[in-house]
Amino acid sequence: MFTTATLSKGIARNSISRNVKLSKFSTFTRLRTNASTAGTTATTSIPATKPKKFSNYWIAATLGIGAGALLFSYRHDEKLPEIKYFEINDQINSFPSALRPPLYPLSTNYSLLGLGVRSVIVESFKVYGLGIYIADDDRKLVPMILNSFFLKKTFIDLDESKTHKENVKLALDDPEKSVILARNLLDGGVRMTAKFTPIKNTNLTFVREGIIKTILNHPEAEANKEILEKGIDELRVAFNKKGSFLKDDDLLMELNADGSLQMTYINSKNGDIYKMDLVKEPAVGRFLFSQYMSGPKPLSVECKNEITKSIVDLV
């Protein structure tokens, strides 16, 4: 059964029980183009806009629908934060400082933790841009988790001559301790989103296999082999979008509080959006995001270092 839900002016969503495809995501395409044009080595910004208010007469005419629209308008009436754009490679559009629905098909608002470029074989062969974002509402969980008595006494505050922030930085820079801290943050329900943007044309099957390889390379993968095998099978089925993954398109991977993983493909040329099936096994998403944040061999050292700095600033 199809249902239609308005996301914003000029954007309609056709919902199906499993896969969801949105067509002509005009606002998204326009802002992406503006960001690309304005993008420089310095940051640029595009101010967010506020929804329109609705009159009481309109509410009376449309009863419950009008009341709901007015409530939405009032709740979003305060000034929205400015979104800045950062260029990480001149072959792709700049990355935003925030991912906010409905401009991006996500469940909540996210803010940037770190950016970087993923290279393979040699540093000069750049594959894709990578951005890691944290849910705005979950930023407060970071100091709560990293200030816990157990972590502070066992893994973090071991050097009494340093402040807690300095010790957190040292722990996050350590290949082994960083994995423990990342695990506690992700197990603690901190929601995150990864944004992949190819620098060179590739295909989605190659990307899927790369994601699987990343998960299986996690330092704790062998100890969780049985769980991960089932989770990887689930991931292969859920990753049901096939075909090309062209330069400057996006793959969003949203890690929910329960560890489930939602993947969404965005075609930046025509604005089409394809929502894949949900991966419910929490080990898959949490091991994946742990690889971006920690460990001896992060996928992008630059991105991992920026994430470390952002987490330390939150403590």
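## Burial in helix α9

A residue is termed buried when its relative accessible area is under 20%. In this predicted model, the residues of α9 that meet this criterion are A283, V284, G285, R286, F287, L288, F289, S290, Q291, Y292 and M293. Because 11 of the 12 residues of α9 are buried, the helix is largely enclosed by the rest of the structure.

The length of α9 agrees with expectation: at 1.5 Å a residue, its 12 residues should span 16 Å, and its end C-alpha atoms are 17 Å apart. At the N-terminal end, E281 acts as a cap, with a side-chain oxygen 3.0 Å from the backbone nitrogen of A283. Just after the helix, G295 adopts a positive phi of about 90°.

## Strand β10 and its partner

Strand β10 comprises residues 192-198 and is mostly covered, 7 of its 7 residues being buried. The side chains of M192, A194, F196 and P198 point one way from the strand, while T193, K195 and T197 point the other way.

Strand β10 runs antiparallel to β13 (residues 250-255), to which it is joined by 5 bridges. Within this pairing, K195 stands opposite L252. The charged end of K195 also sits over the ring of F95, at 3.6 Å from the ring centre. Another lysine, K241, lies over the face of Y274, 5.3 Å from the centre of that ring.

## Aromatic contacts

The structure holds 5 aromatic pairs. In one of them, the ring centres of Y128 and F196 are 4.6 Å apart and the planes lie at 35°, so the pair is tilted. This contact links distant parts of the chain, since Y128 belongs to strand β9 and F196 to strand β10, 68 residues apart. Y128 counts as buried at 13% relative accessibility, and F196 counts as buried at 4%.

F196 also pairs with Y292; here the ring centres are 6.2 Å apart and the planes lie at 65°, so the arrangement is edge-to-face. The second pair links strand β10 with helix α9 across 96 residues. Both F196 and Y292 are buried. Together with F289, the residues Y128, F196 and Y292 form one aromatic cluster.

## Salt bridges

A search of the whole structure finds 11 salt bridges. One of them involves helix α9: R286 pairs with D187, the closest N and O atoms being 3.6 Å apart. R286 lies in α9 (residues 282-293) and D187 in α6 (residues 177-187), so the bridge ties together parts that are 99 residues apart in sequence. R286 counts as buried at 17% relative accessibility, whereas D187 counts as partly exposed at 46%.

R100 forms a salt bridge with D136, with a closest N and O distance of 2.9 Å. R100 is in the loop between β7 and β8 and D136 in the loop between β9 and α3, 36 residues apart. R100 is classed as buried at 18% relative accessibility, and D136 as partly exposed at 25%.

A further bridge joins E209 to R236, whose closest N and O atoms are 2.6 Å apart. E209 lies in helix α7 (residues 204-216) and R236 in helix α8 (residues 225-238), so this pair connects parts 27 residues apart in sequence. Both partners are partly exposed: E209 at 30% relative accessibility and R236 at 34%. Finally, K169, D173 and K304 are linked in a network of salt bridges.

Definitions and conventions:
Residues are numbered from 1 along each chain as its sequence is written. This is a predicted model: local features need pLDDT of at least 70, side-chain atom pairs count only at pLDDT 80 or more; totals for chains, interfaces and linings use all residues. Side-chain values use heavy atoms; hydrogens and water are left out. A salt bridge is a side-chain nitrogen of Lys or Arg within 4 Å of a carboxyl oxygen of Asp or Glu. Helices (H or I, at least four residues) and strands (E, at least two) are DSSP runs, numbered from the N terminus. Buried means under 20% relative accessible area, exposed over 50%, partly exposed in between (1.4 Å probe, protein chains only). Two strands pair if DSSP finds at least two bridges between them. The expected span of a helix is 1.5 Å times one less than its number of residues. A polar contact is a pair of N or O atoms within 3.5 Å; within protein, one must be able to donate a hydrogen and the other to accept it, and residues adjacent in sequence count only if both atoms are side-chain atoms. Rings of Phe, Tyr and Trp (its six-membered ring) pair if their centres lie within 6.5 Å; planes under 30 degrees apart count as stacked, over 60 as edge-to-face and the rest as tilted. A charge sits over a ring if NZ of Lys or CZ of Arg is within 6 Å of the ring centre and within 35 degrees of the ring normal.
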